[in-house]
Amino acid sequence: MAFPGIDFPGLGCGLAILREGKILLCRRLKAPEAGHWSIVGGKVDHMERAEDAARREAEEESGLSIHSSRFLCVSEQMIEADGQHWISLIYATDDFSGEARLTEPDKLSDIGWFDLTALPQPLSRFAADAVSALG
C-alpha cells in the first residue's frame, strides 16, 4: 500500500483562523514537523473538496464551528527530515463560532491564539506560508 506524502506527494489543506489580529495555532505531536506550531489542517480525502476538508479538519482539531472561508494560498512542503512531501491548499476565515479547545490530544499538545506579530517558534512550513500570504 502506498501512502500520500511519503510514497508520492500528498494533497493537504489548512485553515488560518483569525480573530482580532490573532491566529489560531496548534503544536503538532507527530510528523511531519512534530513540535512545530501550525494552523489547523490535514489530508484531503478522495472525492472531498479541499475547502470542505479544511473546514472539517479545523472543526475536528479546534472544536470551533466554521461558517465560511476563502482561498488564501498554496503551500508546498518538502520536509526532508520526515521524508514527506505535501502540496496544500490553504484557506482563511474569521467567520466561526465557539471557543477553541484541544480536541485531539493524541495529535496536538497545545492550541492557542497568537498575535500575528509575535508568533511562537518554530512554525511549520504550512503555517509560515499562510502567515506570509496574510501579509
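Trainee: Before we start, what is a nonpolar core here?
Mentor: A nonpolar core is a set of buried Ala, Val, Leu, Ile, Met, Phe, Trp, Tyr and Cys residues joined through side-chain atoms within 4.5 Å. Keep in mind that we are looking at a predicted model.

Trainee: Got it. How many residues does the largest nonpolar core have, and which have the most contacts inside it?
Mentor: It has 18 residues, and Leu-15, Ile-17 and Ile-66 have the most contacts inside it.

Trainee: Which elements supply at least two residues of this core?
Mentor: Strand 1 (10-19), strand 2 (22-28), helix 1 (50-62) and strand 9 (108-115) each do. Helix 1 gives the most, with four residues.

Trainee: Is there a general reason for such a cluster?
Mentor: Nonpolar side chains tend to be buried together in soluble globular proteins.

Trainee: Back to Leu-15. What is Leu-15 in contact with, leaving aside neighbours within four places in sequence?
Mentor: Leu-15 is in contact with Ile-39, Val-40, Ala-54, Ala-58, Ile-66, Ser-69, Tyr-91, Ala-92 and Thr-93. Another core, of 17 residues, lies apart from the largest one, and Ala-16, Trp-37, Ala-92 and Ala-127 are among its residues.

Trainee: Ala-127 sits in helix 2, right? Which residues are buried in helix 2?
Mentor: Yes, Ala-127 is buried there, along with Phe-126, Asp-129, Ala-130 and Val-131.

Trainee: And what do the buried residues of helix 2 pack against?
Mentor: They pack against strand 1, strand 2, strand 3, strand 4, strand 6 and strand 7. Helix 2 is followed by Gly-135, which has a positive phi near 50°.

Trainee: Switching to pockets. What volume has the largest pocket?
Mentor: About 630 Å³. It is lined by 28 residues, of which Arg-28, Ala-31, Pro-32, Gly-42 and Lys-43 are the closest to its centre.

Trainee: Where does the largest share of the lining come from?
Mentor: From strand 4, with four residues. Strand 1, strand 4 (40-43), helix 1, strand 6 (70-79) and strand 7 (84-93) each supply at least two residues of the lining.

Trainee: How do the lining residues divide into nonpolar, polar and charged?
Mentor: There are 12 nonpolar, eight polar and eight charged residues.

Trainee: You mentioned Ala-31 and Pro-32. Is the peptide bond between Ala-31 and Pro-32 cis or trans?
Mentor: That bond is cis, with omega near 5°. Pro-32 is in the loop between strand 2 and strand 3 (37-38). A cis peptide bond also joins Gln-121 and Pro-122, with omega about -5°, and Pro-122 is in the loop between strand 9 and helix 2 (125-134).

Trainee: What about Glu-33, in the loop between strand 2 and strand 3? Is the phi of Glu-33 positive or negative?
Mentor: Positive, about 60°, although Glu-33 is not a glycine. Glu-20, in the loop between strand 1 and strand 2, has a positive phi of about 50° and is not a glycine either.

Trainee: Are Glu-20 and Glu-33 buried or exposed?
Mentor: Glu-20 has 77% relative accessibility, so it counts as exposed. Glu-33 counts as buried because its relative accessibility is 14%, and the cut-off for buried is under 20%.

Trainee: One last glutamate. Where is Glu-48?
Mentor: Glu-48 is in the loop between strand 4 and helix 1. Its side chain reaches the backbone nitrogen of Asp-45 at 3.0 Å.

Trainee: What does Glu-48 touch, not counting residues up to four places away in sequence?
Mentor: Glu-48 touches Lys-43, Ala-53 and Arg-56. Lys-43 is also one of the residues closest to the centre of the largest pocket.

Methods
Residues numbered from 1 in each chain as written. Predicted model: local features only at pLDDT ≥ 70, side-chain atom pairs only at ≥ 80, totals over all residues. Heavy atoms only, no water. Buried < 20%, exposed > 50% of the residue type's maximum accessible area, 1.4 Å probe, protein only. Contact = heavy atoms within 4.5 Å. 1 Å grid on protein atoms, 1.4 Å probe; cavity = no way out; pocket = protein on both sides within 12 Å on 5 of 7 lines; lining within 4 Å. Points joined across faces, edges and corners; volume = space filled by probe spheres on them. Nonpolar A, V, L, I, M, F, W, Y, C, P; charged D, E, K, R; others polar. Polar contact = N/O pair within 3.5 Å; in protein donor to acceptor, adjacent residues only side chain to side chain.
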